[in-house]
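Thanks for making time. I'll go through one structure, strands and then rings, and I'll keep it short.

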Amino acid sequence: MAINSRTKGANFEREIGNLLVEKLGLTQPVKRILEQTRTKELPDLKLGRWCIECKRYGDSKTNQYKQAWWDQVLKSAGDDFIPILIYKYNRKPIYCVV
């Protein structure tokens, strides 16, 4: 059965939000910015001054992120936030670029 890429992305954003809460010992959830689906240049998640873009992608021969992903998070962060790109390819670990 084919997997809807939007659902796959949303699930990954929730996974990252839950991991941030767990690993950082936060008391409040890190929620997805739902408006991002309608408005350009909004991040997937925000945590304090961190602007977080999450990418869940299919197979890749390398572990490298796509330059367009980094460009996207830079636009979302602007001058006021710190950009973070968190990405994962199938059957590979989660990677983070700051």
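Start with a definition: a charge sits over a ring if NZ of Lys or CZ of Arg is within 6 Å of the ring centre and within 35 degrees of the ring normal. Here is a case of that. Lys46 lies over the face of Phe81, at 3.9 Å from the ring centre. Before going on, note that this is a predicted model.

Now, where does Lys46 belong in the strands? Its bridge partner in strand 2 is Cys51. Strand 1 covers residues 45–47 and strand 2 covers residues 50–57, and the two pair in the antiparallel sense over 3 bridges. Together strand 1 and strand 2 form a hairpin, with 2 residues between them. In that turn, Gly48 has a positive phi of about 60°.

Next, strand 2 and its other partner. In which sense do strand 2 and strand 3 pair, parallel or antiparallel? They pair in the parallel sense, over 8 bridges, with strand 3 made of residues 82–89. One position to look at on your screen: Arg56 stands opposite Lys88 in strand 3. Helix 2, residues 67–77, joins the picture here, as strand 2, helix 2 and strand 3 make a right-handed β-α-β unit.

A general point for the next part: in a regular strand the side chains alternate between the two faces of the sheet.

Now the rings. How many aromatic pairs does a search of the whole structure find? The search gives 8. I'll show two of them.

One is Tyr57 with Tyr89, an edge-to-face pair at 6.0 Å centre to centre, with 90° between the planes. The pair links distant parts of the chain, with Tyr57 in strand 2 and Tyr89 in strand 3, 32 residues apart. The two rings have separate surroundings to report. Tyr57 is partly exposed, because its relative accessible area is 36%, and partly exposed is the range between 20% and 50%. Tyr89 has a relative accessible area of 2%, so it counts as buried, the limit being under 20%.

The other pair is Trp69 with Tyr87, which is tilted: 5.8 Å centre to centre and 55° between the planes. Trp69 lies in helix 2 and Tyr87 in strand 3, so this pair ties together parts that are 18 residues apart in sequence. Trp69 and Tyr87 are both buried.

To finish, which residues form the aromatic cluster? Tyr57, Tyr65, Trp69, Trp70, Tyr87, Tyr89 and Tyr95 form one cluster. Both pairs I showed have their residues in that list. That's everything from me.

Terms used. Residues numbered from 1 in each chain as written. Predicted model: local features only at pLDDT ≥ 70, side-chain atom pairs only at ≥ 80, totals over all residues. Heavy atoms only, no water. Pairing = 2+ DSSP bridges. Helix = DSSP H or I, 4+ residues; strand = E, 2+ residues; numbered from the N terminus. Right-handed = clockwise from strand over helix to strand, strands pointing away. Phe/Tyr/Trp six-rings, centres within 6.5 Å; stacked < 30°, edge-to-face > 60°. Buried < 20%, exposed > 50% of the residue type's maximum accessible area, 1.4 Å probe, protein only.
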